[in-house]
Amino acid sequence: MKTKASGSHERYTRLVEAARRLPPVTTAVAHPCDEISSFPLEESAHSHDSAAKAVELVRQGKAEALMKGSLHTDELMSAVVARESGIRTARRISHCFVMDVPGHKDPLIITDAAVNIAPSLADKVDIVQNAIDLGRALGFQEVRVAIMSAMETVNPAVPSTIEAAALCKMAERGQITGGILDGPLALDNAINEEAAAIKHIVSPVAGRANVLVVPDLEAGNMLAKSLSFLAGAAAAGIVLGARVPIILTSRADSVITRLASCAVASLVADARRKSAAAAIR
């Protein structure tokens, strides 16, 4: 996603520095069409074959992350979700933007703006859990999740408000873990404490959300692009829910945004290593 951002995007710089301190993450790059130094290359017949072979490297345990090269996102994701040869898990696959918004004190995770078009309530359980796990991997002290809608009250005529209420109850019952949920919340009272106070919304999330869960892809895409083009935000993209993190970058992304996307994947991979090690002990 091309942005009109200026400045250093210090949060991204800190992400990259944190990733530099971690062990390297072997990454399979699907269909790289530019020179990539002395890295090993696998021959492929075409972009679909590249995607399939990159996914197979993950299946063989030879790569801990997957990166989109010069091919369409749907080509790569088709290989990822293939029933017999893909790398799906029991978790729904979803996309997150980690956004660095100038003037906003916290990084914002926005999900899902690129994969799930019209997610069901069951899909949203996994979408929320993926985002919470990402926030924890990025080192958020608290993962505060706002389930977004156009309003902050439950209205039977607006399905997203009913789903928001259900998701919050599911979190209370332990069906979603690791984060604090509130919703429905409109954008203003999700990220602005003054707006939340004016509407007398009292919760640990209102005005302080660092994860925004949108009702559908259209809302998420418009929100992310509005922040990018109107507020100068940068958007690092990651796909979660597969066996490994998947780095989705755009040819129009700045260098720091590309590096931040790689850093996010590195932090996610490191969190998975630690989780696997803890499970063995």
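# Legends to close-up views of cavities, pocket and core

**View 1. The largest cavity and its lining.** About 40 Å³ of space lies in the largest cavity, where a cavity is a set of points, on a 1 Å grid over the protein atoms alone, at which a 1.4 Å probe fits but cannot get out, and where a volume is the space filled by probe spheres set on the points, which are joined across faces, edges and corners. This is a predicted model, in which local features need pLDDT of at least 70 and side-chain atom pairs count only at pLDDT 80 or more, whereas totals for chains, interfaces and linings use all residues. Residues are numbered from 1 along each chain as its sequence is written, and side-chain values use heavy atoms, with hydrogens and water left out. The lining, made of residues with an atom within 4 Å of a point, consists of Lys124, Ile147, Met148, Ser160, Glu163, Ala164, Leu167, Val213, Val214 and Pro215. Strand β5 (144–148) and helix α5 (159–172) each supply at least two of these residues, and α5 gives the most, with four; helices (H or I, at least four residues) and strands (E, at least two) are DSSP runs numbered from the N terminus. By class, the lining divides into seven nonpolar, one polar and two charged residues, with Ala, Val, Leu, Ile, Met, Phe, Trp, Tyr, Cys and Pro counted as nonpolar, Asp, Glu, Lys and Arg as charged, and the others, Gly among them, as polar.

**View 2. The second largest cavity.** The count comes to two cavities of 30 Å³ or more, and about 30 Å³ of space lies in the second largest. Its lining is formed by Thr111, Asp112, Asn116, Pro119, Ile127, Val213, Val214, Asp216 and Leu217, which divide into five nonpolar, two polar and two charged residues. Val213 and Val214 appear in the lining of the largest cavity and also in that of the second largest.

**View 3. The largest pocket.** About 1600 Å³ of space lies in the largest pocket, a pocket being an open set of points with protein on both sides within 12 Å along at least five of seven lines. Of the 45 residues that line this pocket, Thr27, Ala28, Val29, Ile36 and Met67 are the closest to its centre. Helices α1 (10–20), α2 (47–59) and α9 (255–280), together with strands β1 (27–30) and β2 (65–68), each supply at least two lining residues, and α9 gives the most, with seven. The lining has 26 nonpolar, 10 polar and nine charged residues.

**View 4. Leu66 and its surroundings.** Leu66 lies in strand β2 and counts as buried because its relative accessibility is 0%, buried meaning under 20% relative accessible area with a 1.4 Å probe and protein chains only. Leaving aside residues up to four places away in sequence, Leu66 touches Thr27, Ala28, Ala54, Val55, Val58, Leu76, Val80, Ile87, Val244, Pro245, Ile246 and Ile247, a contact being heavy atoms within 4.5 Å. Leu66 and Val29 are 37 residues apart in sequence, yet their C-alpha atoms are 6.0 Å apart in space.

**View 5. The protein around these sites.** The protein has nine helices and nine strands, and its C-alpha trace spans about 60 × 40 × 40 Å along its principal axes. Buried residues make up 49% of its 281 residues. Among contacts between residues at least 6 apart in sequence, 70% join residues at least 24 apart.

Technical notes:
Buried < 20%, exposed > 50% of the residue type's maximum accessible area, 1.4 Å probe, protein only.
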